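The following exercises are to be solved with the sequence and the structure at hand. Each task is followed by a solution in steps.

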Amino acid sequence: MSGELYRELRAALLGDEPVVLATVTYVEGAAEGRTALGAKLVIRPDGRCFGTLGDPELDRIATRDALAALDRGLFVTRHYGPHGEARRAEVAVFIEVFAPPARLIVFGAVDFTRALVEVGKVLGFAVTVCDPRPVFATKTRFPLADEVVAEWPDRYMDRVGPELGPRDAVCVLTHDTKFDVPAILGTLRTRAGYLGAMGSRRTHERRWQRLLEAGADEVELSERLMSPIGLDIGARTPEETAVAICAEIIAVRTGRAAGVVTSLRSGAGAIHRG
Amino acid sequence: MKEVIADIDRWQAAGRRVAIARVIGVEGSGPRDPGATMAVSEDGEVAGSVSGGCVEGAVVAEALAVLESRTPRVCTFGYSDDEALAVGLTCGGTVHLLVEPLDW
């Protein structure tokens, strides 16, 4: 019969709470006798651990790596010495991350939003639409959204921002500086992995100025803000644009955005060509 | 893992022992990513999957063997493993599985 570790894992999975399962998948040499194939740690985001890999130092290092994997939502196999030493390979630990879906927050309940919600759902995001105008921010207009919120972007970000991490994405689609600027400034204060803002090159330039005037750091803006939003795949319709945006979200998460694939912000010409 | 919990609950409620097989590594093209999970009850009922179907039968046999021996093992299926040629993946990749009794 299953025991405490499975009970902890099962409870977290059924409760949609984040949890990491670290399992020894290879043992040799000096680690044998101390650590066994199948030895396990169940790790919660607050660092609480259940079980052992067979050595307290190995547990400590594997927990650190498990929490880093949880942050990025990745599955990895790590190799260690018998006591968790780096650059050794007597023990392999498979780190399996169970995290609730990453979040996609879309500011602006505009035409393009519905398509972005749909593509975001296909990719497995938990999708929120936020717009301060209650007439536009309705569940009827965005039936697939997990959450539709009529609230100012900065207020929403103050509430939700601290929960965001590198897997989460924020798209600002309002093209209206009065909404865009607070949404972007609010997102810059979070750890969200992706921040993009829609608009023509002219809108982009005006918005950039407003952001600087509002106290945004230019280096941070250059590093984090994907504006104009999306990969340059010639998208035109809301659906095509949603694909271009989601492709860029993926590219940023996978570290491909700089160079390997081309983003609109790396170019200079018209966004819609030909 | 989550998708097999309901079946495991049912099996355990009936007092049946359970083995779990998880993909822990894939080389080349593989139909399922690391983390894909299959659960097998001691009377051979199956939940979840670890491939597109090509090695499922062999994995059930490994799972039952593991319930017998009560010892976890790592199994490799694919073209790079001579012994497993008979159950090679059609996609040409290699998949490593940890098969273990659910006694933890």
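**Exercise 1.** Determine how strand β2 of chain B is paired with strand β3 of chain B, and where the hairpin between them has a positive phi.

*Solution.* In this predicted model, β2(B) and β3(B), residues 46-48, run antiparallel and are joined by three bridges. One opposite pair consists of B:Val40 and B:Val46, the latter in β3(B). Next, consider the link: four residues lie between the two strands of the hairpin, and B:Gly44 takes a positive phi near 90°.

**Exercise 2.** Identify the pairing of β2(B) with strand β1 of chain B, and decide whether the residues of β2(B) are buried or exposed.

*Solution.* Begin with the pairing. Strand β1(B), residues 18-27, runs antiparallel to β2(B), and five bridges join them. B:Arg22 has B:Thr37 of β2(B) as its bridge partner.

Then sort the residues of β2(B) by direction. B:Thr37, B:Ala39 and B:Ser41 point one way, whereas B:Met38 and B:Val40 point the other way, and all are buried. Five of the five residues of β2(B), residues 37-41, are thus buried, so the strand is largely enclosed by the rest of the structure.

Finally, place the strand in its chain. Chain B has two helices and five strands, which follow the order α-β-β-β-α-β-β from the N terminus on. Of the 104 residues in chain B, 49% are buried.

**Exercise 3.** Establish the order of the strands in the five-stranded open sheet of chain A, and name its edge strands.

*Solution.* The strands of chain A are arranged as β3-β2-β1-β5-β4, with antiparallel pairing. The edge strands are β3(A), residues 49-52, and β4(A), residues 76-80, for each pairs on one side only. On average, neighbouring strands of this sheet are turned by 20° against each other, direction ignored.

For one pairing in detail, take β4(A) and β5(A), residues 91-98: they pair in the antiparallel sense over five bridges. A:His79 stands opposite A:Ala92 in β5(A). Helix α2 of chain A, residues 56-72, lies across β1(A), β2(A), β3(A), β4(A) and β5(A), and runs at about 35° to β5(A).

**Exercise 4.** Explain why A:Thr23 counts as buried, and state which residues it touches.

*Solution.* A:Thr23 is located in strand β1 of chain A. Its relative accessibility is 0%; therefore A:Thr23 counts as buried, the cut-off being under 20%. Leaving aside residues up to four places away in sequence, A:Thr23 touches A:Gly38, A:Ala39, A:Lys40, A:Ala92, A:Val93 and A:Phe94, and also B:Arg22 and B:Leu98. Although A:Thr23 and A:Leu53 are 30 residues apart in sequence, their C-alpha atoms are 7.5 Å apart.

**Exercise 5.** Describe helix α8 of chain A, and find what covers its buried residues.

*Solution.* Helix α8(A), residues 238-253, has 16 residues and reaches 22 Å from its first C-alpha to its last, close to the 22 Å expected at 1.5 Å a residue. Its buried residues include A:Thr241, A:Ala244, A:Ile245, A:Glu248 and A:Ile249. Among the elements that cover the buried residues are β6(A), α3(A), β9(A), β10(A) and β11(A).

Now relate the helix to the largest nonpolar core, which has 25 residues. A:Ile245 and A:Ile249 are among the members that touch the most other members, as is A:Leu173. Elements giving two or more residues to this core are β6, α3, β7, β9 and α8 of chain A.

Note on methods: Residues are numbered from 1 along each chain as its sequence is written. Chains are lettered from A and ligands numbered from 1 in the order in which they are written. This is a predicted model: local features need pLDDT of at least 70, side-chain atom pairs count only at pLDDT 80 or more; totals for chains, interfaces and linings use all residues. Side-chain values use heavy atoms; hydrogens and water are left out. Two strands pair if DSSP finds at least two bridges between them. Axes are lines fitted to C-alpha atoms, for helices over the stretch in contact, and angles run from 0 to 180 degrees between N-to-C directions. Contact means heavy atoms within 4.5 Å. The expected span of a helix is 1.5 Å times one less than its number of residues. Buried means under 20% relative accessible area, exposed over 50%, partly exposed in between (1.4 Å probe, protein chains only). A nonpolar core is a set of buried Ala, Val, Leu, Ile, Met, Phe, Trp, Tyr and Cys residues joined through side-chain atoms within 4.5 Å.
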